[in-house]
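Please find below a colleague's note on the structure, arranged as numbered points. The sequence and the structure are shown first.

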Amino acid sequence: MQRTKEKMDHEKTEENLYQNKRRLKVCVATCNRADYSKLAPIMFGLKSHPEEFELEVVVLGSHLIDDYGNTFRMIEQDDFDIGSKLHTIVRGEDEAAMVESVGLALVKLPDVLQRLSPDILIVHGDRFDALALATAAALMNIRILHLEGGEVSGTIDDSIRHAISKLAHYHACCTRMAEQHLIAMCEDHSRILLAGCPSYDKLLSTCHRDDYMDIIKSWLGDKVKENDYIVALQHPVTTDIQHSIKIYGLMLDALISFNKRTLILFPNIDAGSKEMVRVMRKKGIEQHPNFRAVKHIPFEQFIQLLSHAGCMIGNSSCGVREAGAFGTPVINLGTRQTGRETGENVLHVRDADTHNKIYHALELQFGKRYPGSKIYGDGNAVPRILKFLSSIDLDEPLQKTFCFPPVKDTISQDIDHILETQSALAVDLGGTNLRVAIVCMQGNIVKKYTEPNPKTFEDRMHLILKMCKDAVQDAVRLNCRILGVGISTGGRVNPQEGIVLHSTKLIQEWSSVDLRTPISDALGLPVWVDNDGNCAALAERKFGHGRGVDNFVTVITGTGIGGGIIHNSELVHGSTFCAAELGHIKVSLDGPECSCGSQGCIEAYASGMALQREAKRLHDEELLKMDGMDVKLAEPITAAHLISAARNGNSKANAVLHKASLALGVGIVNILHIVNPSLVILSGVLASYYQAPVQQVMLERALFSAQSIKVVKSDLEEPALLGAASMVLDYATRRTY
């Protein structure tokens, strides 16, 4: 009894949930005779499930035009209540009329959609009317189910179809290839239903009617025989109207010559249709004894006419879709269906430029029978679509999301040079060498050029220009587009004017030098100039440890000591462009003399020059060499020898390096207490040696809150070149430098 009670309670709960579930309000909007043939089976399905769905019908477009058969009447004959009729067609049958029709529909649709307030709008295909429907619904936050998206054809319909797919929230497609196209268009796979074409549900179930000959004779006369007549349906191609009109005339001439009974349907309302009707009337088709020209045929009867025809000719989609289900021979003229999936029953005459070519196609196809094809459906699309609609969760977010595939970093954003790699020309003016490099957006050095740095101003400027011009020429061959020139140089620089204010002693004749003007004039490119220490900081910000770090300091430990400060993601230059001269922070009141003329600077203790000076002193006093060291007589003494001696246990060398590390560490502690960065990056040839000792000095001498700041060694091999390039790449791609 207990189990029986629990079962009854469970059934009662399910019943209550079912009763409380609100019916899904579905609005089906139909624009013309063709889309109604696809939508009608769904409408019948919705109507047959009133407990789940509430159907609203909106009719617009050519349904309401007398010249196109007033086809809204067949919707009424099917016993559907039409909730709204919208006259949206602006007559003219040209491109402007199509645009005006879309605009008129957009003006009228909001009131209707607001009044009906559907949960979901079903839109079919690729017509301009459907684009207006999808646009209005999307802007009014109404969910959209798009039928037959993802397919490909050869006209403006492609663009419209794909545009509707991007606006739609859900998709019911017909073929596996269409499904793959939608996925490739970044649509959510979980919102794509491979249903098949709804019209197949009707045509596969009703194509074998006993009264098919009565239907054929009612349209073509009593003398007509099965498989001995032609169905012709040609529409304008809106992207090439004049050519499509020419093909239409050639088709009519070929049909007249072929001398078979022909049922010809009027073209649709696209731009160019008026001219096609004129061609038809000029050739006397409506009065010709072999022809029967009609504006509309009910879909059930059209199925019988198509399935028993000797051939179908034209460029209608029903030739490559519905006709394939019956194996009816089809001649597809022109480019309107280019890209459509077709069965073997279709013979393409894409370049239908002569009467004879079309006539020969008629001779090849007429009277044949092909195996039926089910590329576009198996007759069960409607049950799948109804189940899909029932599964829609109206509580899930309305905003659709796209499933973008992983892609490589874009190599170009310039539409005129879309195949080129955006690159910078980087120049590094060192005390010994002059270097130029082509650097791409990812920080890769594509090609590098190195020459000894001349001693005089004239020779140096001449060499810079020559090397830059050579690099620009090579960039074309290397498929690189040079966006500008970035120059890294020693000394104090005014980056706003591109002028070297005061050079270091290592570069002679290099003060008050305007670098920007002559190089920009010679190359026709924008030029940026900055101090080599600042460039090292910029390189770290774009390519190194500084990426994503708002506040950090870069310290260069090389021949001299330099660096740059990034504060709030911006490079600090100072009021007179003297900020971040880190090598000239004083750590002693007297101390050794510095290259700047002062005493006790970090550079006087910890630079490569300072260590070399101490190494020579120890060597001259015969206090440098240790067992295991190999110092050749002709070999110049360098800082490397000092470090080698220390590692081999030389106490004098160790003392020098300890003092150098202490001086550098104290200087960096001063920096921490002034600008309080979150990271210190050591760069240059001595960085690997100084990293651990400097971190230890910080732990011993910095304020407690600054002791946790990390010291890291730069991973960049060419910080000066990369920093010079970053000035170009960041500014030229609209990032702030």
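1. The surface that the chain exposes comes to about 33400 Å². Carbon and sulfur atoms supply 52% of this area. Please bear in mind that the model is predicted.

2. Of the 737 residues in the chain, 54% are buried. As for charge, the chain carries 78 positive and 89 negative charges, and the mean positions of these two groups lie 2 Å apart.

3. The secondary structure of the chain consists of 25 helices and 26 strands. The chain is more spread out than a compact globule, because its radius of gyration is 40 Å, whereas the globule rule gives 27 Å for 737 residues. The C-alpha trace spans about 125 × 85 × 50 Å along its principal axes.

4. Consider next the contacts in the chain between residues at least 6 apart in sequence. Of these contacts, 67% join residues at least 24 apart.

5. Helix 6 covers residues 156-167 and offers a simple check of geometry. At 1.5 Å a residue, its twelve residues should span 16 Å; the end C-alpha atoms are 17 Å apart, and therefore the model agrees with the expected span.

6. Which residues of helix 6 are buried? They are D157, D158, I160, R161, I164 and S165. These buried residues pack against three strands and two helices: strand 4 (120-124), strand 5 (143-147) and strand 6 (170-173), together with helix 5 (128-139) and helix 7 (176-184).

Terms used: Residues are numbered from 1 along each chain as its sequence is written. This is a predicted model: local features need pLDDT of at least 70, side-chain atom pairs count only at pLDDT 80 or more; totals for chains, interfaces and linings use all residues. Side-chain values use heavy atoms; hydrogens and water are left out. Helices (H or I, at least four residues) and strands (E, at least two) are DSSP runs, numbered from the N terminus. The expected span of a helix is 1.5 Å times one less than its number of residues. Buried means under 20% relative accessible area, exposed over 50%, partly exposed in between (1.4 Å probe, protein chains only). Contact means heavy atoms within 4.5 Å. The radius of gyration is taken over C-alpha atoms; the globule rule is 2.2 Å times the number of residues to the power 0.38. Accessible areas come from the Shrake-Rupley method with a 1.4 Å probe; for residues, only the protein chains shown count as cover. Lys and Arg count as positive and Asp and Glu as negative; His and the chain ends are not counted. The place of a charge is taken as NZ of Lys, CZ of Arg, CG of Asp or CD of Glu.
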